[in-house]
Amino acid sequence: MSKTLPSKTPLLDLAPTPEALRRLDDGQLRQFADELRQETIDAVAVTGGHLGAGLGVIELTVALHYIFDTPRDRLIWDVGHQAYPHKILTGRRDRIRTLRQVDGLSGFTKRAESEYDPFGAAHSSTSISAGLGMAVARDLDGRDNNVIAVIGDGAMSAGMAYEAMNNAGAMNSRLIVVLNDNDMSIAPPVGAMSAYLARLISGRTYRSIREIGKHLAHKLPKFFEERAARAEEYARGFWTGGTLFEELGFFYVGPIDGHNLDHLLPVLKNVRDAGAGPILVHVVTQKGKGYPPAEVSADKYHGVVKFDVATGAQAKAKSNAPQYTKVFGETLVREAEKDNRIVAVTAAMPSGTGIDIFQERFPARTFDVGIAEQHAVTFAAGLASEGYKPFCAIYSTFLQRGYDQVVHDVAIQKLPVRFAIDRAGFVGADGPTHAGAFDIVYLGCLPGFVLMAAADEAELVHMVATQVALDDAPSALRYPRGEGVGVEMPEHGVPLEIGKGRIVREGHKIALLSYGTRLAECLKAADELAALGLSTTVADARFAKPLDVDLVLRLAREHEVLITIEEGSVGGFGAYVLHALAEHGALDGHVKVRSMVLPDAFIDHDSPAAMYAKAGLDAAGIVTKVFEALGKDVAAETVKLA
């Protein structure tokens with residue numbers, strides 16, 4: 001036992017790693033947790049990020065690292081929103097104020113960042129599957145370390161979590177799952193009695209008695225054996241609420257107060273020493289715990305920008321341009337006021353997608369299905385099959401999780417599900433896990449899909465109206481995170497002609513064909529090119545599929561250079577343009593064609609503007625690409641002109 005230090009000695013300075021933490025006395029952990037909570041608040045106030053979830057697991061983080069031998073024992077955080085205290089505690093405190101900043105710490109767990117991050121996370125509900133894989137690998141190697149997966153109750157709405165639990169229960173692998181219950185009420189209220197029961201049930205004595213009872217029941221006639229097993233199950237279920245998890249093959253412990261270290265430590269120690277088989281520990285916590293503004297408004301403090309610690313006031317955006325997400329939500333409301341067949345579907349992201357705006361106006365026509373993108377897609381397909389007009393609003397990166405359903409349940413059946421794809425392109429501080437890089441490619445290859453990309457917030461309004469009017473095919477509308485460009489907004493949306501683009505500026509030597517919100521950068525590039533003596537046409541494709549082939553052929557025929565620009569990966573819009581040109585023999589002439597896409601790499605977090613600049617998808621990059629196509633050096637030409 002280590003020597004107890006005066007309570008005012010800063011313990012966080014003395015224990016920068018779990019190894020040092022484990023040298024503290026049990027009685028010092030309350031002070032340590034309080035210091036860790038304050039450090040988390042102070043750091044996120046500087047950087048922005050996910051605050052509420054991390055504050056809710058302060059004590060759990062301390063207890064897990066104190067009881068388990070991390071990093072030898074593998075600790076996996078589902079999603080990663082709650083991992084900031086874990087990062088502070090695992091040797092990264094000196095860099096915590098670089099969180100989500102360029103060249104700084106990731107906002108999620110990341111294998112390349114620390115040995116204490118055994119598995120990268122950002123999308124939810126993966127931890128149990130990964131943990132089971134690690135547990136099986138451990139058993140194959142003959143090792144004896146523990147594997148612990150911490151998963152939130154929200155992530156338990158995804159089917160993948162139950163697939164993993166079912167597999168773990170059937171294999172009887174030694175795996176510990178900690179269910180962090182901070183929202184829904186799964187079990188009876190937490191208090192002294194449930195804490196006592198959790199300690200009792202997690203101990204060896206109870207488990208031994210239970211096994212003796214099972215063996216004794218086997219000696220009885222089958223009639224009595226079955227009823228004895230059922231009685232034991234329901235007795236435990238009555239006290240603990242764990243029947244569901246027991247049915248999946250897990251030994252259930254809980255619920256316990258996730259903020260009470262006197263409850264957490266003995267239970268986790270019992271679980272650590274329990275031996276074979278999968279165990280689920282049900283811990284009840286409060287999002288935003290210990291910071292009053294976050295406690296009373298958990299939704300607003302789930303993800304925050306920089307804020308004032310004293311008041312909780314978050315920094316406000318300086319621009320007056322509307323957010324794309326807000327424009328979508330408000331436009332959908334206006335359309336739904338005219339058409340009662342419009343309904344909205346979201347997968348646990350109502351505010352992130354703007355569906356909360358629709359929900360406030362039409363609660364009975366709004367469906368939040370939880371973190372269940374596969375279900376969301378097929379649920380929307382079912383609505384469409386009955387004549388409704390479902391808008392399925394899912395981030396580009398999350399829609400990947402429901403891809404089979406998009407193919408099988410929507411595309412093949414030609415059901416007019418309207419996909420509203422937020423977070424197209426780079427997303428800034430959330431980095432590569434949340435970047436919408438691939439939807440143009442993975443949807444464009446599907447027969448019958450109509451693909452649109454809004455060039456600005458006004459175009460978004462018209463494209464929502466276009467989707468409303470499109471009743472004979474599935475469609476997808478993509479738009480980025482953040483603010484629009486400040487264009488004049490229409491009073492109402494007007495459906496566009498399917499598959500037709502538009503000329504925004506006429507020229508005769510260079511043609512820039514934009515798909516999405518790079519149009520503003522194309523216009524800036526056109527100004528720079530004009531100053532260098534290169535007359536430039538700027539066109540907005542609007543549709544990737546069906547492609548405006550007539551527009552593409554005209555641009556190729558009338559210009560020396562044709563460049564496509566998009567906020568997506570290789571194989572998308574630019575590939576469709578090249579294919580059309582090749583099919584019509586238009587590549588055999590004088591035109592030089594180039595495609596500008598996102599790099600063939602996963603790009604780490606930075607501001608979106610900086611990320612696009614690095615990718616060469618800003619005005620300067622477009623100008624450079626034009627001169628490369630002409631076989632000239634832009635710097636040399638600028639000097640000549642001067």
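This passage describes one helix and the internal cavities of a predicted model.

Helix α3 covers residues 29–47, a run of 19 residues. At 1.5 Å a residue, a helix of 19 residues should span 27 Å, and the C-alpha atoms at the ends of α3 are 27 Å apart, so the expected and computed spans agree. Most of α3 is covered, with 14 of its 19 residues buried. The residue G48, just after α3, adopts a positive phi of about 75 degrees.

Empty space inside the protein was examined next. Rolling a probe the size of a water molecule over the atoms reveals where such space remains. Three cavities of 30 Å³ or more are present in the structure.

The largest cavity has a volume of about 50 Å³. Its lining is made up of I421, D439, I440, L443, L451, M452, A476, L477, R478 and Y515. Two or more residues of this lining are given by each of the elements α21 (439–444), β12 (450–453) and β13 (475–478). By class, eight residues lining the largest cavity are nonpolar and two are charged, while no polar residue takes part.

For the second largest cavity, the volume is about 40 Å³. The residues lining the second largest cavity are N146, R174, I176, V271, R272, A274, G275, G277 and I279. This lining divides into four nonpolar, three polar and two charged residues. Charged residues thus occur in the linings of both cavities, with two in the largest and two in the second largest.

Key:
Residues numbered from 1 in each chain as written. Predicted model: local features only at pLDDT ≥ 70, side-chain atom pairs only at ≥ 80, totals over all residues. Heavy atoms only, no water. Helix = DSSP H or I, 4+ residues; strand = E, 2+ residues; numbered from the N terminus. Expected span 1.5 Å × (residues − 1). Buried < 20%, exposed > 50% of the residue type's maximum accessible area, 1.4 Å probe, protein only. 1 Å grid on protein atoms, 1.4 Å probe; cavity = no way out; pocket = protein on both sides within 12 Å on 5 of 7 lines; lining within 4 Å. Points joined across faces, edges and corners; volume = space filled by probe spheres on them. Nonpolar A, V, L, I, M, F, W, Y, C, P; charged D, E, K, R; others polar.
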